[in-house]
Amino acid sequence: MQLLICSVFAWLSIILFALMPKRLHLLDFIFVYSVILVMSTIVFTVFDINIHVVTIPRTAKISLATIITRVITIPLVLMMAVNFLQPSGARKPRWLLTILIWLGITVFDWALDFLKIITYQKPFMWHVQSTLVTYFGFIAIAWGCTWFYTRLDKKNVGAV
Amino acid sequence: MVLHKVGQEERGGSMTNIITYDNQFNANEWFVIVALFLGLFVTFKLPSRFSRKLSALYFLCGISFGAFFDLTLGTIPRSFYDIGDSSTYQFVDFLSLLMYGPFSYLFFYLYDFLKLNLKLSPLYILSWTLLSLGTEWLGVQLGVFHYHYGYGLQISFVIYLIVHSLWVLFFYLMKLADTTG
């Protein structure tokens with residue numbers, strides 16, 4: 001059941017990402033995806049292996065569900081949040097949409113806990129705060145890296 | 001190499017062993033630091049062949065694949081291999097992810113420099129796979145990687161072949177994306 005739900009969520013995030021109006025170029029999106037993947041993988045591993053604030057049942061189905069969530073759902077949703085923060089031409093950053101995505105992914109994290117895919121070992125309020133802070137950090141760092149990356153070749157117009 | 005289990009921790013109702021391989025700053029840490037700085041030195045000394053955006057992407061490609069395999073497939077569902085001094089993760093273990101950056105950059109750089117076509121790509125992929133295996137073997141000897149559950153170089157061989165093949169595909173896609181804007 002968990003695997004099915006995670007797969008559906010992953011596919012929904014792919015559909016939303018495909019339909020979303022893009023404010024970044026393909027290279028920018030690949031860069032943001034890589035940054036988010038590295039960052040989230042490190043943080044989730046520390047949470048799981050080092051400080052044990054979360055537990056992931058090591059069964060085949062739940063493991064696959066977790067991998068799908070980490071590799072597809074979370075990076076794509078965070079990429080959408082970063083995308084809406086980019087000014088594009090006359091279009092201004094859409095903070096409200098980013099805040100909605102931030103709150104949405106926090107609720108999604110509680111759903112993972114509810115479905116026993118990732119079980120938090122701490123009280124619910126700790127979970128709420130840590131999830132909000134973690135995803136805020138991911139979005140802020142990814143936004144900063146994107147800001148830097150999108151300006152890289154402006155200083156290097158003549159490069160091959 | 002000294003292997004001693006230092007304790008068990010309660011994790012969601014199941015007991016998990018934390019394995020400590022050593023407690024000192026020795027060969028495995030030096031391997032990571034030397035490989036990283038050597039890689040960074042070569043990367044920054046080479047004349048540029050790509051746009052800055054593409055160079056950053058080629059560098060990050062290795063780190064992303066490293067993070068995915070070492071921290072996701074390496075820990076879920078089983079810890080098929082530990083990195084560094086302990087089965088938990090330490091700063092040097094995360095630093096070791098950066099080692100993959102120069103590695104992937106050089107892979108793309110040489111592929112472009114040698115102007116290889118698709119016919120010669122399998123040979124290029126095999127060469128890099130053998131180089132990766134050699135580096136990993138050295139890492140195992142120096143205590144950077146510790147295998148479990150039957151994991152070994154033969155599995156890494158298959159993984160490297162797949163990853164390097166994906167990188168060749170990635171190279172062409174990125175080149176296309178960069179030229180079309």
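Helices (H or I, at least four residues) and strands (E, at least two) are DSSP runs, numbered from the N terminus. The exercises below use these elements.

This is a predicted model, in which local features need pLDDT of at least 70, side-chain atom pairs count only at pLDDT 80 or more, and totals for chains, interfaces and linings use all residues. Residues are numbered from 1 along each chain as its sequence is written, while chains are lettered from A and ligands numbered from 1 in the order in which they are written.

**Exercise 1. A loop residue in chain B**

Task: Place Lys115(B) among the elements of chain B, and decide whether Lys115(B) is buried or exposed.

Solution:
- Step 1. Find the element. Lys115(B) sits in the loop between α4 (100-113) and α5 of chain B.
- Step 2. Recall the cut-offs. A residue is buried if 20 or more other C-beta atoms lie within 10 Å of its own, exposed if 12 or fewer, and partly exposed in between; C-beta atoms are placed from the backbone.
- Step 3. Apply them. Lys115(B) counts as exposed because it has 7 C-beta neighbours inside 10 Å.
- Step 4. Check the backbone. Lys115(B) is not a glycine, yet its phi is positive, about 50°.

**Exercise 2. A loop residue in chain A**

Task: Do the same for His52(A): in which loop does it lie, and how many other C-beta atoms are within 10 Å?

Solution:
- Step 1. The loop between α2 and β1 (54-55) of chain A holds His52(A).
- Step 2. His52(A) has 17 other C-beta atoms within 10 Å, so it is partly exposed.
- Step 3. His52(A) also has a positive phi, of about 55°, although it is not a glycine.

**Exercise 3. Two residues in named elements**

Task: State the element and exposure class of Thr119(A) and of Ser127(B). Then give one C-alpha distance for each.

Solution:
- Step 1. Thr119(A) belongs to strand β2 (residues 119-120) of chain A.
- Step 2. Thr119(A) is partly exposed because it has 17 C-beta neighbours inside 10 Å.
- Step 3. Take Asp48(A) as its partner. Thr119(A) and Asp48(A) are 71 residues apart along the chain, and their C-alpha atoms are separated by 9.8 Å.
- Step 4. Ser127(B) is part of helix α5 (residues 121-141) of chain B.
- Step 5. There are 12 other C-beta atoms within 10 Å of Ser127(B), so Ser127(B) is exposed.
- Step 6. Take Ala35(B) as its partner. Ser127(B) and Ala35(B) are 92 residues apart in sequence, and 19 Å separates them in space, C-alpha to C-alpha.

**Exercise 4. The two chains as wholes**

Task: Describe the elements, dimensions and burial of chain A and of chain B.

Solution:
- Step 1. Chain A has five helices and two strands. Along the sequence they run α-α-β-α-α-β-α.
- Step 2. The radius of gyration (taken over C-alpha atoms) is compared with the globule rule, 2.2 Å times the number of residues to the power 0.38. For chain A it is 17 Å, close to the 15 Å that the rule gives for 160 residues, so chain A is as compact as a globular protein of that length.
- Step 3. Along the principal axes, the C-alpha atoms of chain A fill a box of roughly 50 × 30 × 30 Å. Of its 160 residues, 34% count as buried.
- Step 4. Chain B has six helices and four strands. Their pattern is β-β-α-α-β-α-α-α-β-α.
- Step 5. The C-alpha trace of chain B spans about 55 × 30 × 30 Å along its principal axes. Of its 181 residues, 35% count as buried.

**Exercise 5. The contact between the chains**

Task: How many residues does each chain give to the contact, and which elements of chain A take part with two or more residues?

Solution:
- Step 1. Two residues are in contact if their C-beta atoms, placed from the backbone, lie within 7 Å.
- Step 2. Chain A gives 33 residues and chain B gives 29 residues.
- Step 3. On the side of chain A that touches chain B, α2 (26-50) and α3 (60-84) give two or more residues. The largest share, 13 residues, comes from α2(A).

**Exercise 6. Confidence**

Task: Where in chain B is pLDDT under 50?

Solution:
- Step 1. pLDDT is the predictor's confidence in each residue, from 0 to 100.
- Step 2. Chain B has a mean pLDDT of 87, and 91% of its residues reach 70 or more.
- Step 3. Over residues 1-6 of chain B, pLDDT stays under 50. Over residues 8-15 of chain B it is also below 50.
- Step 4. Where pLDDT is low, the predicted coordinates should not be read in detail.
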